[in-house]
Structure formats: structure tokens, C-alpha cells
Amino acid sequence: MTNHVTSTIMTEQEAIDYAREKLHYFDEAASLSCKEIGDGNLNYVFRVIDDKTGQSLIIKQAGPVARISDEFIVSPDRNRIETDILRLQGTLAPGYVPEVYHYDAEKNCVVMEDLSDYTILRAAFLKHETYPKLAEHLSTFLVETLVSTSDLVLNHKEKKELVKSFTNPELCEITEDLVYTEPFYAHPRNDVFLGTRHFVEREIWGDKILALETAKLKFQFLTNAQALLHGDLHTGSIFVTQDATKIIDPEFAFYGPAGYDVGTIIANLIFAYVNAEHTSEGPSERESFQAYITTTIETLIDSFKTKFIQAFEAKATEHVARYDGFLEHYLQSVLEDATAVAGLELCRRIIGIAKVADITSIANTEARTKAEITCLTLGKAFILDRAKYQTGTDITNALKGATHVTH
């Protein structure tokens, strides 16, 4: 299914008019104002609020090209995919995604719950804030969405229909290029920090064994329709309070390797840890926040494993999946994929076009160079030796070791 209308991007006033005329969400006497608050790479996000009552909503509109670069021509059908998957995830993992109010195929927009009372996790981590329930929330969301959409649980015909519905070629192409391909050779679109360039040329672009492993991983991504993924689960796609976690922006959703989402969030937790190494105001702040991050990584991975096994035992319907040893084989492959994807994400955010503020906000040139080399060193190890990392402490021990190496 693709949209047949390519609309122009609304102005803030047009978003107000749309809310009044189409949504029936606000009272007729509402005093509405609007601000475009999108800070991502693809879409336009309008927050419409009734200044009298504080009642508000979000209108997210997709254009035909990405905000990050007009080189990326992207189907506005991604908003249909986002709407459908938010509704599905809301059923599978209640409370972990924003509520969807309305979808408009002609305007290429989805209207949803406003999460302004929440904080974007990346922004919170840049302030070294901590959220003790995060790992348990994320592990639950990951297991409930991944296991329940796989061949382990679904009737295979039903699952194949979902694969068709969530085929997402334009957004997948961005991932295929920016995550799996361009960072690992001297592609002209890469954006390498000057202090890091020599290391990249020698240790990343100059390593043929690494190149081969990324090729294997790319074809795994292209061909393994294992589970319905969020597809872009970084700390900028997570909203938090001390008691709640909401996952947003699943427009990259498609059927792929189940470890992909797990690996992406692990890498982004590592970015937060590395940022704290170089930006904390003192040893106490640094040690406290880094201890929180390592605990979060360990809890996330180990809780994911435990909950995965529990979900399998409770939900699996496929007869052959119940054979002795199959669950262990399946879960090990998911964890290997997660580790490899963490490695890809660590490399591509340093080398490629789409950066993360955790690293770019490090003002000191020498400190940023050290931070980037730490990420690249870890990323390379995770890709090459992905079978070695099967527990949370396997990951955090590697993180601690790479952080304290003098480059």
C-alpha cells in the first residue's frame, strides 16, 4: 500500500486549522497555538495546544524528502507504517508507545498523544540524569514486540501478511546504506572528525576482515525476516519519566533480524557512558552516571534473555521450535546479532552522516578524538567477535576496558 497524494508540509497556522476542522479533539472555544518541534532527520512535528486548558496533541507529517538531506527520497507511506505499528505495539506492549488518535493518508500525517511531560532520553543522558526503571521497561517492550511478531508464535501465513504490510524499502535503504555500507569504506557522504580520520583509515577502512563481516551482516539484514522491528531504537526515540517509558518514531519498522533493536539501544547507552567520561564535572558525577549506565546495560541484556525464555515458554506455537536445544540456538543467534548491530551503530554514528549529540557535544578536540576511538574500537570488536558477548557483563567489561585504554 502506498499513498496516492503527496501533500505539502503544513505551516504552524495550517496545523492549527487542521486540528480545528478535522480532529474534533479540542472544544470550539479553544485558544490554540502551535509550534513545529521536530528535531529529527526526516519529519515535521507540530505540537498544538489549547492555551486555556493545556490540552494538547502532536501532528507528525511526512514529506517526500528527508530533512537531513534531499538526497534521501522517502515515501510518505512511512506515516501509514508508523501508525499501524504504533497501534500493534500498543496492543502487544500496552503503555510503552503513545496513543494514536488519527491517520490522514492525504495529508501524510498521524495525530497522536503529546508526550511533552516526558523527557527525551538522549537529552536527559547529556545532563547525566538517571532512570532506574528504564532497563526493565525496555527489555519488556523488546521481548513483547519481537517474540509475538515472530514465526515462533504467529501462524506463518499471518506472519507473512505482516511482512507484506510492513515492507518498507525506502527507509530500509537508508539503513542499508548508512549503517551497513557507507561507514566501512571511504564513501564521499561520510563525515569523519579530523582527529579520528587516521584511525578510521587504518583500523576501519583498511581492515578487509572487518569489511567481509559487515558484508555478511548486511545480507543478514536484507534476508532474515525474523521479527517486526522498531528499526531505529536509539535514545532519541525514547521518552522517559522516573516511572514511565514511551517508545516513539517506529517509521523504520520492517521485518528483520530480531537482535537489531536490542543492539541499537545498547550502542546508544554506550554513547552516553562515553560522553560522561569526557564531560562530567568531576569524578563523583562521572562514576555515578557510568555505574548507572553499566547496570542498565547489564539489566537490559540479562532481563531480555530471561523474559525472552518466559515469553517463548508461554506463547510459542511452532511445533519444531519446542525441540530440545532450539530455544538456546535461537536466542544465542539473536544475541550475536544484537552485539554485531551495536558494533555497526557505534561505528556508523562516528564515521557516517548521522551523528549523535553524545559525541558531537564534546567540545575539547582531544577528548572527542578519544571518545570516538573508544566507540570505534568497541564497535570493531563487537562486529568481529560477536559470539563472545552473550551477557550484560560481557558487554560492560569490554566497555570499561576500551574506555580506559590510552590511544
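Which residue in β5 does Ile59 stand opposite? Select Ile59 and look across to β5: the residue facing Ile59 there is Val111.

Before moving on, a word about what is on screen. This is a predicted model, in which local features need pLDDT of at least 70, side-chain atom pairs count only at pLDDT 80 or more, and totals for chains, interfaces and linings use all residues. Residues are numbered from 1 along each chain as its sequence is written, and side-chain values use heavy atoms, with hydrogens and water left out.

**Stop 1: the five-stranded sheet**

Ile59 belongs to a pairing worth selecting whole: strand β3 (residues 56-61) and strand β5 (residues 109-112) run antiparallel, joined by 4 bridges. Strands here are DSSP runs of E with at least two residues, helices are runs of H or I with at least four, and both are numbered from the N terminus. Two strands count as paired if DSSP finds at least two bridges between them.

Now widen the selection to the open, antiparallel sheet of 5 strands, ordered β1-β2-β3-β5-β4. Its edges are β1 (32-36) and β4 (100-104); each has a single partner strand, so one side of each is left without a neighbour in the sheet. On average, neighbouring strands are turned by 20° against each other, direction ignored.

**Stop 2: strand β2**

Pick β2 next. Of its 7 residues, 5 are buried (under 20% relative accessible area with a 1.4 Å probe, protein chains only; exposed is over 50%, partly exposed in between), so β2 is largely enclosed by the rest of the structure. Toward β1 there are 5 bridges, and Cys34 has Val48 in β2 as its bridge partner. Toward β3 there are 6 bridges, with Arg47 partnered by Ile58. Follow the hairpin from β2 to β3 through the 5 residues between them, and find Gly54 in the turn, with a positive phi of about 85°.

**Stop 3: the helices across the sheet**

Show helix α1 (residues 12-23), which lies across β1, β2 (44-50), β3, β4 and β5 and runs at about 130° to β1. Then add helix α2 (residues 78-92), lying across β3, β4 and β5 at about 155° to β4. For these angles, axes are lines fitted to C-alpha atoms, for helices over the stretch in contact, and angles run from 0 to 180 degrees between N-to-C directions; contact means heavy atoms within 4.5 Å.

**Stop 4: a loop residue**

Finally, select Asp324, in the loop between α10 (283-315) and α11 (326-351). Asp324 is exposed, with a relative accessible area of 82%.
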